[in-house]
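Welcome! Here are some short exercises with worked solutions. Take a look at the sequence and the model, then work through them at your own pace.

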Amino acid sequence: MSRLHSRRTFLAGTAAATLLPALPLAADGHEPVTIEMLNRHPTDRSLRNVFYPRVVSVPAGQKVLFKATDRGHNSASIDGMIPEGAEEWSGRINEDLEVTFDVPGIYGYKCTPHVGTGMVALIVVEGEGKLDNLEAAQDVRQRGRAKKTFEEIWEEAAEMGLLEPSSA
Ligand SMILES: [Cu+2]
């Protein structure tokens, strides 16, 4: 089973490129991995309303904490962007939400108020069959700036090696 990838690679040419520190996140399945919901990106202040980090890989069974660091956000799975057998989630605005990811696969999610401005992100849950829903997830029609954000996210995930079959 793979550990959370601490390496962070980003697209050349995006505003986020080169500005992000490597995150020493350790996923052992016990302590939740934290993804913050922020009004501004911590290092690129020109990016507003973001999940941080926005591409994360975790082992199956991992708990993820969506932390309401700033106000006005939530985390909700996007229709058609989670694997078969996985449970949808939809957090309340301004509240932390913990979700356990048991089913390997590709999970696209959004902030409900800000999806149109591109506040979307990706979690890849490692394990057998994790790529089974990749094509379906990539085929989901995205609204507004979420379309551009997901184009960046797919490239970012590929560069991180997350769109290869799990070695586990
Ligand atoms: Cu938001």
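A salt bridge is a side-chain nitrogen of Lys or Arg within 4 Å of a carboxyl oxygen of Asp or Glu. This is a predicted model, in which local features need pLDDT of at least 70 and side-chain atom pairs count only at pLDDT 80 or more, while totals for chains, interfaces and linings use all residues. Residues are numbered from 1 along each chain as its sequence is written, and side-chain values use heavy atoms, with hydrogens and water left out.

**Exercise 1. Find the salt bridge between Lys-130 and Glu-126, and state whether the two residues are buried or exposed.**

Step 1. In the Lys-130 and Glu-126 salt bridge, the closest N and O atoms are 2.9 Å apart.

Step 2. Use these cut-offs: buried means under 20% relative accessible area, exposed over 50%, and partly exposed in between (1.4 Å probe, protein chains only).

Step 3. Both Lys-130 and Glu-126 turn out to be buried. The search of the whole structure finds six salt bridges.

**Exercise 2. Which parts of the chain are linked by the salt bridges of Arg-54 with Glu-152 and with Glu-156?**

Step 1. Helices (H or I, at least four residues) and strands (E, at least two) are DSSP runs, numbered from the N terminus.

Step 2. Between Glu-152 and Arg-54, the closest N and O atoms of the salt bridge are 3.1 Å apart. Glu-152 belongs to helix α2 (residues 146–159), and Arg-54 to the loop between β2 (48–52) and β3 (55–59), so this pair links distant parts of the chain, 98 residues apart.

Step 3. Glu-156 also forms a salt bridge with Arg-54, at 3.0 Å between the closest N and O atoms. Because Glu-156 lies in helix α2 and Arg-54 in the loop between β2 and β3, the pair ties together parts that are 102 residues apart in sequence.

Step 4. Glu-156 and Arg-54 are buried. Through shared partners, salt bridges join Arg-54, Lys-148, Glu-152 and Glu-156 into one network.

**Exercise 3. What is the strand order in the open sheet that has β3 and β5 at its edges?**

Step 1. Two strands pair if DSSP finds at least two bridges between them.

Step 2. The four strands follow the order β3-β8-β7-β5, with mixed pairing. β3 and β5 (76–77) each have a single partner strand, so one side of each is left without a neighbour in the sheet.

Step 3. β3 and β8 (residues 120–126) run parallel and are joined by five bridges. Here Val-55 stands opposite Leu-122 in β8.

**Exercise 4. Describe the open sheet that contains β1 and β2.**

Step 1. Its four strands have the order β2-β1-β4-β6, and the pairing is mixed.

Step 2. β2 and β6 (97–101) stand at the edges with a single partner strand each, so one side of each lacks a neighbour in the sheet.

Step 3. β1 (residues 33–40) and β2 run antiparallel, joined by four bridges. Glu-36 stands opposite Tyr-52 in β2.

**Exercise 5. Where is His-114, and which residues does His-114 touch?**

Step 1. Look in the loop between β7 and β8 for His-114.

Step 2. His-114 has a relative accessible area of 17%, so His-114 is buried.

Step 3. Contact means heavy atoms within 4.5 Å. Not counting residues up to four places away in sequence, His-114 touches Asn-49, Gly-72, His-73 and Met-119.
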